[in-house]
Amino acid sequence: MGRGKAAAAGAPASGTARAGLVVGSHGRHCLVETPDGERRICHPRGKKSQAVVGDRVQWQPTADEGTIERVDERRNLFYRQDEIRTKSFAANLDQILLLVAAEPDFSEHQLTRALIAAEAQHIRALIVLNKSDLAELFGRAWERLAPYRRMGYAVLPLSLEGADAPGLAAVEAELAGRTTLILGPSGVGKSTLVNRLVPGALAQTGEISQALNSGRHTTTTTTWYWMDKAAGTALIDSPGFQEFGLNHIEPTQLPALMPDIAAHTGECRFYNCTHRHEPGCGVIAHVEGAAPPSDADISAMRYRIYNELFDELSRPPSY
Ligand SMILES: Nc1nc2c(ncn2[C@@H]2O[C@H](COP(=O)(O)OP(=O)(O)OP(=O)(O)O)[C@@H](O)[C@H]2O)c(=O)[nH]1
Ligand SMILES: [Zn+2]
């Protein structure tokens, strides 16, 4: 690193720095909104001022853009991490809405991974199951979500077909007054939902993408939408639900981050039980189909996912 760059990166924010909220991001640059609603493209001054959507920042205007001098301390940061990189979705969240649907079939592995990442940051998670109009498929999907309801997650039914959109009012009630990141696999109706909640969202995304000069498909950027004029309710739309890496989590942290498993770790004979093979394990005793006596409130699938994640996170890095 050259001396000039080091000096610039270390330059203190001068008295003219202004407060702003990051409402869009693409690569290293982002869109910052001022308290009076003005929006400006900003660039980080250095690595430390690299911001994500939801960040509160201090910035300084340049000619017609701006420089982010400092990122305010974060309440939380929702991210995934694979072997090569970390992807930050957004910061300072009240909750995450995981949208799945009656079809396409959702992966419980992906759902569980996102839930674990949320738990690790102490962020509330809410599951919404869309396409309730597809009655038979919906019934099956709703059943698959029974373990998640049992372990305490709110699971809401929804249909976006037709003008009345059954379930939408209940979803809106959960969002009111909060900042929510919405995540979901492709084809579940995420764009439909965002457009329903934020009329004109699609057009807004187009403008933001254009402003950020991404030149790519509009859904490659993470976008912040205000749902109300009073700017108290916000929705953040982000791509990237697939391949949800949890490399930032230790295998031994997993039980505490999976509420159905956490509920029984106090019943194990050994204080350092891994809940994989130990005799007298309270967790194994509650796995569906495992040795009696059992209240079986841990589904066989969830226990399988626990074991697979444990193996995955125990493996040394392959590079
Ligand atoms: N039957 C039914 N179809 C729906 C419902 N909501 C959305 N769809 C349909 O599902 C398809 C996918 O909807 P999108 O909103 O494009 O889904 P998306 O999650 O944004 O998907 P990507 O654009 O691939 O990320 C579209 O054909 C919608 O019309 C619903 O409640 N019921
Ligand atoms: Zn155990």
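**Questions on one protein model**

Biologist: Does Trp224 count as buried or exposed?
Modeller: A residue is buried if 20 or more other C-beta atoms lie within 10 Å of its own, exposed if 12 or fewer, and partly exposed in between, with C-beta atoms placed from the backbone. Trp224 has 23 C-beta neighbours inside 10 Å, so this residue counts as buried.

Biologist: What kind of model is this, and how is it numbered?
Modeller: It is a predicted model, in which local features need pLDDT of at least 70 and side-chain atom pairs count only at pLDDT 80 or more, while totals for chains, interfaces and linings use all residues. Chains are lettered from A and ligands numbered from 1 in the order in which they are written, and residues are numbered along each chain from 1.

Biologist: What is the mean pLDDT of the protein?
Modeller: pLDDT is the predictor's confidence in each residue, on a scale from 0 to 100. In this protein 90% of the residues reach 70 or more, and the mean is 89.

Biologist: Over which residues is the pLDDT below 50?
Modeller: Where pLDDT is low, the predicted coordinates should not be read in detail. The stretch in question has eight contacts in the model beyond near neighbours in sequence, a contact being two residues with C-beta atoms, placed from the backbone, within 7 Å. The pLDDT is below 50 over residues 1–13.

Biologist: In which strand is Trp224, and what is it in contact with?
Modeller: Helices (H or I, at least four residues) and strands (E, at least two) are DSSP runs numbered from the N terminus. By that count Trp224 sits in strand E12, residues 222–226. Leaving aside neighbours within four places in sequence, Trp224 is in contact with Val23, Gly24, Val53, Gly54, Ala234 and Ile236.

Biologist: Which residues come nearest to ligand 1?
Modeller: A residue is near a molecule if its C-beta atom, placed from the backbone, lies within 6 Å of it. Helix H6, residues 190–197, gives the most to the shell, with three residues. Of the 15 residues around ligand 1, those that come nearest are Ser186, Gly189, Lys190, Ser191 and Thr192.

Biologist: How many residues of the shell around ligand 1 are charged?
Modeller: Ala, Val, Leu, Ile, Met, Phe, Trp, Tyr, Cys and Pro count as nonpolar, Asp, Glu, Lys and Arg as charged, and the others, Gly among them, as polar. The shell has three nonpolar and eight polar residues, and its charged residues number four.

Biologist: Where does Pro185 lie, and how far in space is it from Cys273?
Modeller: Pro185 lies in the loop between strand E11 (179–183) and H6. It is partly exposed, because 18 other C-beta atoms lie within 10 Å. Pro185 and Cys273 are 88 residues apart in sequence, and C-alpha to C-alpha they are separated in space by 34 Å.

Biologist: Which residues does the UniProt annotation "binding site" cover?
Modeller: The annotation comes from an unreviewed UniProt entry; UniProt positions are given in the numbering used here, feature names are shortened, and annotations may be inferred rather than shown by experiment. The residues covered are Cys268, Cys273, His275 and Cys281.

Biologist: Why is His275 called buried and Cys273 partly exposed?
Modeller: Cys273 lies in the loop between helix H9 (259–262) and helix H10 (300–314), and His275 is found in the loop between H9 and H10. Cys273 is partly exposed because 19 other C-beta atoms lie within 10 Å. His275 is buried because the number of other C-beta atoms within 10 Å is 24.

Biologist: Which residues does Cys273 touch?
Modeller: Residues up to four places away in sequence are not counted. His275, with its neighbours within four places left aside, has contacts that include Cys268 and Cys281. Cys273 touches Cys268, Glu278 and Cys281.

Biologist: Which residues touch the most other members of the largest nonpolar core?
Modeller: A nonpolar core is a set of buried Ala, Val, Leu, Ile, Met, Phe, Trp, Tyr and Cys residues joined through C-beta atoms within 7 Å. The contacts of Leu98, leaving aside neighbours within four places in sequence, include Leu111, Ala114 and Ile127. Of the 72 residues in the largest core, the two that touch the most other members are Ile96 and Leu98.

Biologist: Which residues does the cis peptide bond join?
Modeller: Omega of this bond is about -5°. Pro104 is placed in the loop between strand E8 (95–101) and helix H2 (108–120). The bond joins Glu103 and Pro104.
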